[in-house]
Amino acid sequence: MDVLKDAAPEARWAQLSNLFARIPVKPLGAVPPVRINGIALDSRQVQPGHLFVALSGGTTDGHRFIPDAIRRGAVAVVGTQAQADLPVPYVRVPEGRRALAYLSAAFYDFPGRKLTVIGVTGTDGKTTTTNLIYHILTASAIPAGMISTVNAVIGEHFLDTGFHVTTPEAPDVQRYLAQMVAAGLTHVVLEATSHGLDQRRVGGCEFDVAVVTNITHEHLDYHGSQESYRAAKGRLFSMMARRSEKLFQAPHGAVLNRDDSSFGYLSTLLDKVKPAQPVQRISYGLHPEAQVRAEQIQNRPDGLHFKVVGTTSAGTSYHLPVSSHLVGSYNVSNCLAAIAVTVNLLGLEPQLALQGIAGLPGIPGRMERIDMGQNFTAIVDFAHTPNALKRALSAAREIADEGRVIAVFGSAGLRDRQKRRLMAEISAELADRTVLTAEDPRSESLQAILDEMAAGAVSRGAEELNNFWRVPDRGRAVRLAVGMAQPGDVVIACGKGHEQSMCFGDTEYAWDDRTAMRAALADLLAIPGPQMPYLPTQGEQE
């Protein structure tokens, strides 16, 4: 192999024919011995010496941009369509995304084979569970990295990625993993979305542990059906079961939510895969048959408190108190998943896991409190699915106690339409006041989206201008919500969380719900604060 192993990941060279010889993707023809120094799937990111992989599907066809990639310096092209008369070598493959994933892994010399790789998937709770596991590992002095939709952590380097709710593309994932190996890390926790799994962005990662939080209603616009969505999530477990044997002793296991409907499906899936190496299965939840379960749960304003009951990988039983700064009873499940991974599969002492959980201050944009000195609670949360909204509003209800819950949220354009009505119905039932507003309308009519949501609220007995409002501009919606808050109330803005932009048409406008909440509170309290971020709806009247 002619990859320069002593070079930094960004300064590598490899021979394309050697890469194909190392991966389970068979080209439809001969592969020339051309040398490449990088891989790109976007022609605009091609640098001289790069391999360009043309992908079909989605909203565009990458084969159309082959000439642009070559003009920018691509020395070879991989694609799935027949091509003729190109000035650089062209390799045709049966599946473009599969080839991209494995070529990326081979280019970086399969970094996943040199790490203990823990994959986390699910509809809700992925980022929180990923952060919990990572925090337990680092608190236990294990050199670990993390890749999530909020951030990537590589050694001492923290990348506030602002990924727009998806897993990075395969070349980026493999580059991050290679950087972790170069930094001397031994473990990585990788959040895997359904899009990332379906599009094989995490192919070749060699997962040792697969974790699921839950599988509920989401992304039907992309997957077409709940069955297809569930199958995409299940791919993480199939990949884990078929991972390559590693040169060091690594765990090999599945962590399943005993309380979730996915439990039976994933258990059956693992039976069908028939892995060459034994896969340990650990269940967690409130179910009496869960191997790691919670008792005596208390959700207080200062966080969660409960007892965890389980048995270590060495067969020792434990029954210990857990305290977490995380708010919301649903986070008990995320804590249990993290304990199941670190204690039952990795063999850490239970006390180390509990110390790691207690030391995590919170997750950006996940039930994040915004305090400007107001006499009510203000929260920003990422809840953008029906199940997540239900859990967030239930948590807000517990915090409010005798106060009211005032919810602000929208539903994205060009995405799953069914959840628009569902989310409005949930808020009408669980919140005292609901403000429907924009959330990445994209090229859809924002008014039409709000109309669909309003119909859902009305179907549950809500009355417009009495206990729910339609306010197209998200800044004005947040201001309206904090303006009607009274002492003891909870104002919760859902749907954006950590994200740093909002899409109108084809334009991403800088937007942060946390900044917007601080701006609205500063105006209310007549104190200095940030300016409300601009959106194109700012001048519109509701």
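In this predicted model, Val279 touches Met240, Ala241, His252, Gly253 and Ala254, once neighbours within four places in sequence are set aside. The residue sits in the loop that links helix H9 (262–273) to strand S14 (280–285). Its relative accessible area comes out at 19%, and since buried means under 20%, Val279 counts as buried. Pro251 is 28 residues away from Val279 in sequence, yet the two C-alpha atoms are 8.6 Å apart in space.

Strand S14 takes us to the sheet it belongs to. This is an open sheet of 11 strands with mixed pairing, and the strands line up in the order S10-S9-S8-S11-S7-S12-S13-S14-S15-S16-S17. The edges are held by strand S10 (157–159) and strand S17 (317–324); each has a single partner strand, so one side of each has no neighbour in the sheet. From one strand to the next, the twist averages 15 degrees. Further along the order, strand S7 (residues 116–121) and strand S11 (residues 187–191) run parallel and are joined by 5 bridges. One of these pairs Gly119 with Leu190 of S11. Helix H11 (residues 350–359) packs on this sheet, where it touches strand S16 (303–311) and S17, and its direction makes about 10 degrees with that of S17.

Next comes helix H12 (residues 386–400). Its 15 residues reach 21 Å from the first C-alpha to the last, close to the 21 Å expected at 1.5 Å a residue. Quite a list of its residues is buried: Pro386, Ala388, Leu389, Arg391, Ala392, Leu393, Ala395, Ala396, Ile399 and Ala400. The cover over these buried residues includes strand S15 (292–300), strand S18 (368–369) and strand S19 (377–381), along with S20, H13 and S23. S15 is also a member of the 11-stranded sheet described above.

Right after H12 comes Asp401, in the loop that leads from H12 to S20. Asp401 is not a glycine, but its phi is positive all the same, at about 60 degrees. With a relative accessible area of 56%, Asp401 is exposed. Ala526 is another case of a positive phi in a residue other than glycine, with a value near 55 degrees. Ala526 lies in the segment after helix H16 (513–525), and its relative accessibility of 70% makes it exposed.

Beyond the Asp401 loop, the picture turns to burial. In strand S20 (residues 405–409), 5 of the 5 residues are buried, so the strand is largely enclosed by the rest of the structure. Both faces share in this: Val405, Ala407 and Phe409 point one way, Ile406 and Val408 point the other way, and all are buried. S20 also has strand partners. Strand S23 (residues 490–494) runs parallel to S20 and is joined to it by 4 bridges, with Ile492 as the partner of Ala407. Strand S21 (residues 433–436) likewise pairs with S20 in the parallel sense, over 4 bridges, and here the partner of Ala407 is Thr434. To get from S20 to S21 the chain passes through helix H13 (residues 418–430), in a β-α-β crossover that is right-handed. S20, H13 and S23 also turn up among the elements covering the buried residues of H12, which ties this part of the model back to that helix.

How values were computed:
Residues numbered from 1 in each chain as written. Predicted model: local features only at pLDDT ≥ 70, side-chain atom pairs only at ≥ 80, totals over all residues. Heavy atoms only, no water. Buried < 20%, exposed > 50% of the residue type's maximum accessible area, 1.4 Å probe, protein only. Helix = DSSP H or I, 4+ residues; strand = E, 2+ residues; numbered from the N terminus. Pairing = 2+ DSSP bridges. Right-handed = clockwise from strand over helix to strand, strands pointing away. Expected span 1.5 Å × (residues − 1). Contact = heavy atoms within 4.5 Å. Axes fitted to C-alpha atoms, helices over the stretch in contact; angles between N-to-C directions.
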